[in-house]
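Grab a coffee and work through these short exercises on helix packing. Try each task before you read its solution.

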Amino acid sequence: MRKNSDENKKNIIEDRDANIKMPHNGSDLTTESSQRRNLTKTVAIMLAIALGSFAIGGFVGRLTVDKDLRALDRIKNRIDNDYYYSISDEEFYGVIYDAINGRLLDSYSMYMTADEFVTNTAASKGKRSGLGLVFTIKSVDGADQMYISRVAGNSPAEKAGVKAGSYVIGFGKTVDDIKESVIFDEFLTFVSERATGEPFVVKVRDGEKEATVSLSKEKYVENYVFYHTSTTAYRFQGDDAKDLTVGGDPFTYLDATTAYIRLTQFNGGAADEFKQAMDVFKEEGKINLVLDLRGNGGGYLDVMREISSYFCKTAKQKKPVVMVADYGEKRREFKATGNDFYRYFTDESRICVLADVMTASASECLIGAMIDYGAVNYTDICLAERGGIAKTFGKGIMQTTYPFYISGGAIKLTTAQIRWPVSDTCIHDRGILPEDGAVSMEEDRDWEKETKAAIEKLFS
C-alpha cells in the first residue's frame with residue numbers, strides 16, 4: 001500500500017502470470033472459473049459520465065477527449081440502429097477492452113472488470129476458490145502436458161495429497177468414466193462445469209506411479225510458508241491458514257544447525273507466516289537458513305518490506321531502504337519495516353537461496369536487498385534450470401492499481417522501474433544469472449529430489 005494521498009492505490013511488484021511467460025507455458029486452476037471479459041456496463045457508465053461532464057461544461061480541458069467519446073457514442077448508436085445484423089454491447093466494448101489489454105498497454109498492465117477486481121483483491125489476501133493447482137501446460141518440445149508446477153498450501157489439492165512435480169493424465173466424474181487426457185483446456189472445461197463441493201476424480205502420475213485422487217473445488221485461504229528441519233516440519237492450516245501445524249516430512253538431509261523455509265508468494269498472510277517460521281527457527285536454535293523462492297512470481301510490496309527486515313545484515317538504519325522506484329524523473333525509496341537480522345542470525349550464519357526462471361519481481365527485490373546488505377553472496381544462490389535455462393525471471397518494474405469507484409473495476413498500470421537499494425542494480429529483462437556467480441543445477445521434475453540436490457550443492 002502506498003503511503004500517499006490515495007490510500008486505495010496498491011503497489012504490486014509481481015509477475016501476475018509469471019508461469020505463463022516462462023519457457024513452459026503455464027496456467028492456474030486456483031480460481032473457480034475463467035473470468036469473462038465483460039466491459040459492457042463499465043464502459044457504458046464511463047461513457048455516460050464523460051458525456052455528462054461535457055454537457056455540464058466543467059471539464060474544458062478535456063474537450064478533445066469528450067469530442068472523441070461523443071463520436072464513439074454516435075458510432076455505437078448507428079451500429080445499433082442500422083447495421084445489418086446485431087452486435088451486442090459486450091462484443092462492441094470487448095473490442096475496446098482487448099485493444100487496451102492486448103495492444104495499448106504492456107503485458108503487466110491491464111484493465112479489470114468489477115468481477116475481476118474483486119477476484120484479484122481476494123487473491124491478494126490469500127482468499128481463493130478452486131483446486132489450488134498451477135500447471136505447466138507445454139513441454140520443452142511443445143507437447144501438451146499437465147505438469148503440476150505448484151500446489152497451493154492449504155488448498156483442496158494439497159489436502160488430497162497431490163504433489164508438485166507430478167502430472168495430471170486423466171479426469172472424470174467417477175473412477176469408471178475417467179478420460180485419459182493431458183490437454184489442459186479439456187481439463188479446464190471439465191473443472192469449470194463442476195459445482196463447488198462436487199467431487200470428481202483426477203488421475204495423477206508421480207514418477208512411475210499412477211493413482212486416482214478425489215477432488216472438489218472449494219473456497220480456501222492459501223498458506224505461503226513451509227518450514228522444515230532434519231526433525232520437524234510445519235505449515236499453516238485452518239480456515240484462515242493461521243494455525244501453525246505439524247505437517248509434511250522432515251528434511252533428514254539437513255544438518256542440525258540448518259532450517260529450510262519455502263516462500264511461495266508475497267501475498268495474504270505471508271509476512272505473518274514468515275515471522276512465525278523465523279520464531280520457530282530461533283526457538284529451535286538454528287543458525288543457517290535455506291530460503292526457497294523457486295516458482296515465487298512476486299506479490300505485494302508491503303509483504304516484501306516486512307520479510308526483507310530479516311536479511312539486512314550490514315544495514316545500520318532501524319528501517320533500511322530495501323527498494324528504490326524510479327517514477328520517470330521522480331525517485332522514491334521503500335524501507336523495510338525493521339532491521340532484525342541479528343535477532344535471528346549471527347555473523348557465522350549461512351543463508352542460501354533457491355531460485356529458478358519463475359522467481360520474479362518481489363522475489364528478485366528480496367534477493368537484491370539480501371545481496372546489497374551482505375546477507376548472501378551470489379555464490380549462495382542456486383538457480384535450478386527450467387527448459388535448459390538457469391536464471392531468475394528478470395522483472396524490475398512495478399505496477400500500481402487504481403480502482404474506479406463508480407464502476408467497481410480498476411486499471412493496473414506499470415508505473416516505476418525497480419532498483420536494488422545500495423548498488424542501484426536493475427535486473428529488468430535480465431534477471432540473476434550464473435555469470436553473476438550464482439550456482440546452477442540441472443532440472444529434476446521431482447521437486448523433493450531437486451530440493452535435496454540443490455541444498456547439497458550449496459553446502460558441499
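Below are two exercises, each with a worked solution.

This is a predicted model, in which local features need pLDDT of at least 70, side-chain atom pairs count only at pLDDT 80 or more, and totals for chains, interfaces and linings use all residues. Residues are numbered from 1 along each chain as its sequence is written, and side-chain values use heavy atoms, with hydrogens and water left out.

**Exercise 1.** Work out how α7 and α8 are arranged and which residues meet.

*Solution.* Start with the elements: helices are DSSP runs of H or I, at least four residues, numbered from the N terminus. Helix α7 covers residues 270-283, and its axis lies 9 Å from that of α8 at an angle of about 15°. Axes are lines fitted to C-alpha atoms over the stretch in contact, and angles run from 0 to 180 degrees between N-to-C directions. Angles under 35 degrees count as roughly parallel, so α7 and α8 are roughly parallel to each other. Now the residues: A270, A271 and F274 of α7 touch V303, E306 and I307 of α8, where contact means heavy atoms within 4.5 Å.

**Exercise 2.** Do the same for α8 and α10, then sort the contact residues by type.

*Solution.* Helix α8 spans residues 301-308 and α10 spans 362-372; their axes come within 10 Å and cross at roughly 30°. That makes α8 and α10 roughly parallel to each other too. Next, list the contact: M304, I307 and S308 come from α8, while A362, C365 and L366 come from α10. Sorting gives 5 nonpolar, 1 polar and no charged. Ala, Val, Leu, Ile, Met, Phe, Trp, Tyr, Cys and Pro count as nonpolar, Asp, Glu, Lys and Arg as charged, and the others, Gly among them, as polar.

Conventions
Helices (H or I, at least four residues) and strands (E, at least two) are DSSP runs, numbered from the N terminus. Angles under 35 degrees count as roughly parallel, over 145 as roughly antiparallel, 65 to 115 as roughly perpendicular and the rest as oblique.
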